[in-house]
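This report is meant for someone opening the model for the first time. It goes from single side chains to strands and then to the chain as a whole.

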Amino acid sequence: MNESHDKRSASTASSTSPGEGRGLEEGAGADGDGDVRHDVSDTFYTSQRKGSHVFRVRLDATGFTLQRESPGGTIIKEQQVRLADIVGARCMRPKKPRRLAMSGACACSSGNPNSPAVSASGDRNAVTPSKSSTNSREAVPMDDGDVSAYLYVFAYVLKKRSLRTELHRERTVLTLRFRSFDTFEDNMREADRWYRALRWQLHRTMEEIFVAPSSVERRRRILVLLNPKSGSGQAREVFNMHVTPVLNEAEVPYDLYVTKHSNFAIEFMSTRCLDAWCCVVAVGGDGLFHEIVNGLLQREDWAHVLPHLALGIIPCGSGNGLARSIAHGYNEPYFSKPVLGAALTVISGRSSPMDVVRVQLQDRSVYSFLSIGWGLISDVDIESERIRLLGYHRFTVWTLYRLANLRTYNGRISYLPIEQDSPTPVHSRGYGGQHRLQGSRSCNTHMDKLTNPSLNHSSTEYLPQEFADVISLETSINQSFRSRCDSWLSGGSRRSFYYSISESIYHSLADESEFSRQAANSLENRHLNFGPSSELPDLEDPLPEGEGWLVEEGEFVMMHAVYQTHLSLDCHFAPKAQMNDGTIYLILIRGGISRPHLLSFLYNMSSGTHLPEVNNEYVKVLPVRAFRLEPHDNHGIITVDGERVEFGPLQAEVLPGIARVMVPK
């Protein structure tokens, strides 16, 4: 073995933290016992200054298991990369400069959390290299004739930096080098066998709607709708820098559309054929997700579409209540990297039923997934728009202002309580003008289309020379990595790499006229109410007697009906809520409550300890199936999912589990 390689391996292995993995090179012999196609194992080794270490690496349904063996065959240390944490893999042939020609040390190492970006090669600002990005490089010969093939496995594992910090997801790259054979083609064939085994293991954990039914399994396309005005207006940058790399690593093809105006998503979802997509992802706030839900339920074929189309969200808005509720419900870290967690959820291949609430207004019906508000919280939500530049802090500032200038509202609230002994609904988890962002990385990594009986394997890619050095340096404790990356891998650098993807599709302006006609027809038919039929009487009709309806009447500070745990990032409003429990949590605060009591209620919303264990004179928590609000005043603000609707009477009923939302593995 070349001396420079020995030194390089020693340097790389010594820079990894304990338990993170070591430099690995392929040894001899493959083990094909059991499921030969999908459970693979082999012996690898790493050469260091103090001698060689032998590793037994196995891939099965649980993930990768790395066992370090002593010369006598005793297992010294074992590390596992869980299959649930793995998002994808690549087989590549690095293009390396001469100084790295013989230094192909491979490591299981963690991306530097302090670096601004990490990708498939160590840079999250750059996307995973694709076939279209390497055509100009394929004819360039290797510097040294190295015949090794490399398998890079991308995972996001749960870690804690210290005892005082919270769990967070950290990117880890497990790199295996295959060089047992004399030719690159044979080594790549072996690496590709591991790649295909891993892809099969990943796909078998997904629901049927996310995997295309074909002889060679691949992920189905997802539709991404992006609102560039959400939150502080950074949705484009957030998607390009933090979401696109994850989609590419997971080989998830997607189509990206940017909303052009209010209700664009409603028009799009209600008029377009959606058969090509398995999932719709909202990159924005809860308002964009609200439009998507309402667009779907304005379709005549809603009953066919909803079971076969999952919904996801990337939090880029001010509140982000749904994204926070999903993370909370599945014990996923959120505060450190909310966008990363949401991106991993979108590619998980798992979904859960979600309740939707039909809200009947005086002239129309809308559908809600988060909340219905009247009074204090709705006032804060809408009136704080005038200080939107403050971002999420606008809610705090305006809450204090409203508390000092407290209002009360007179009205009547009728509700149909949940029967305490009724079973919780059980739902099956499995269900068998338009403008795309110009220059976007609309990923379509259909690697299978490159497959042929020759040696052009579907997973084979060349790694650009500029990235080769980053792989061997990628470790969580190598602090020099940040300075090296900042110089030429940051998002604003002229030398950053943004790869176009093969088969990207862009629509011409002519397409917009057809879409406009479809949208106009949809708007004309919006008075037609599709969706499930209502079990409630019309809003103008009296409620039936003897069916269990109860009434609260008088002065109220607020009424808020909630069906997710969180209304926003740090507003744990309904701790007992579940995504598909068929329950609306109706919270009422009566007039006459003291300001200290109300302040305590508002302050404790962040921890979820604001609700009384037993209802009292001023604060009540009522689990209901339906309710009707009849304001006696002629002024006030009513919101549905944070969006203002016309003021007046309304009634709402829960539709248990009719939608599906993406959830973590």
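Is Arg299 buried or exposed? Arg299 is buried, because its relative accessible area is 8%, and the cut-off for buried is under 20%. The model in which this is seen is a predicted one.

## Salt bridges

Arg299 has a charged partner: its side chain meets that of Asp301 in a salt bridge, with 2.9 Å from N to O. Asp301 is partly exposed, at 32% relative accessibility, while Arg299 is buried.

A search of the whole structure finds 23 salt bridges. Three of them are set out below, with the relative accessibility of each partner.

| Salt bridge | N to O distance | Basic residue | Acidic residue |
|---|---|---|---|
| Arg82 and Asp85 | 3.0 Å | Arg82, 41%, partly exposed | Asp85, 7%, buried |
| Arg169 and Glu332 | 2.7 Å | Arg169, 12%, buried | Glu332, 16%, buried |
| Arg299 and Asp301 | 2.9 Å | Arg299, 8%, buried | Asp301, 32%, partly exposed |

Which residues are joined into one network by salt bridges that share partners? They are Arg82, Asp85, Arg169 and Glu332.

Within that network, Arg169 forms a salt bridge with Glu332, and their closest N and O atoms are 2.7 Å apart. Arg169 belongs to strand 9 (residues 168–178), whereas Glu332 sits in the loop between helix 7 (321–329) and helix 8 (338–346), so this pair ties together parts that are 163 residues apart in sequence. Both ends of the contact are covered: Arg169 is buried at 12%, and Glu332 is buried at 16%. The Arg82 and Asp85 pair combines two classes of accessibility, for Arg82 is partly exposed at 41% and Asp85 is buried at 7%.

## Strand 23 and its partners

Strand 23 (residues 619–631) pairs with strand 19 (residues 409–417) in the antiparallel sense, over seven bridges. Strand 22 also runs antiparallel to strand 23, and six bridges join the two. A further antiparallel pairing, of four bridges, links strand 23 to strand 26 (residues 650–662).

Which residue of strand 23 stands opposite Leu416? The residue is Ala626. Ala626 also stands opposite Glu653 in strand 26. On the pairing with strand 22, Ile587 has Val621 of strand 23 as its bridge partner. In a regular strand, side chains alternate between the two faces of the sheet.

## Single positions

Beyond the end of strand 22 (584–590) comes a loop that leads to helix 14 (595–603), and Ser594 lies in this loop. Ser594 is partly exposed, with a relative accessible area of 37%. Between the C-alpha atoms of Ser594 and Tyr618 the distance is 9.3 Å, with their positions 24 residues apart in sequence.

Ala149 lies in strand 8 (residues 149–159). Its relative accessible area is 0%, so Ala149 is buried. Ala149 and Phe184 are 35 residues apart in sequence, and their C-alpha atoms are 6.5 Å apart in space.

## A patch on the surface

Where do negative charges gather in a patch? On the surface, a patch of negative charge is made of Asp363, Asp538, Glu540 and Asp541. One of these, Glu540, has its place in the loop between helix 13 (509–524) and strand 21 (550–562). Glu540 counts as exposed because its relative accessibility is 61%, and the cut-off for exposed is over 50%.

## Helix 5 and the whole chain

Helix 5 (residues 286–296) is mostly covered, with 11 of its 11 residues buried. The buried residues of helix 5 include charged ones, Asp286 and Glu291. Among the others are Leu288, Phe289, Ile292, Val293 and Leu296.

How many helices and strands does the protein chain have? The chain has 14 helices and 26 strands. Of its 665 residues, 59% are buried. The chain exposes about 27700 Å², and carbon and sulfur atoms supply 50% of that area.

Technical notes. Residues are numbered from 1 along each chain as its sequence is written. This is a predicted model: local features need pLDDT of at least 70, side-chain atom pairs count only at pLDDT 80 or more; totals for chains, interfaces and linings use all residues. Side-chain values use heavy atoms; hydrogens and water are left out. Buried means under 20% relative accessible area, exposed over 50%, partly exposed in between (1.4 Å probe, protein chains only). Patches are made of residues with over 30% relative accessible area and no salt bridge: like charges are joined within 9 Å, nonpolar side chains (Val, Leu, Ile, Met, Phe, Trp, Tyr) within 5 Å. Accessible areas come from the Shrake-Rupley method with a 1.4 Å probe; for residues, only the protein chains shown count as cover. A salt bridge is a side-chain nitrogen of Lys or Arg within 4 Å of a carboxyl oxygen of Asp or Glu. The place of a charge is taken as NZ of Lys, CZ of Arg, CG of Asp or CD of Glu. Two strands pair if DSSP finds at least two bridges between them.
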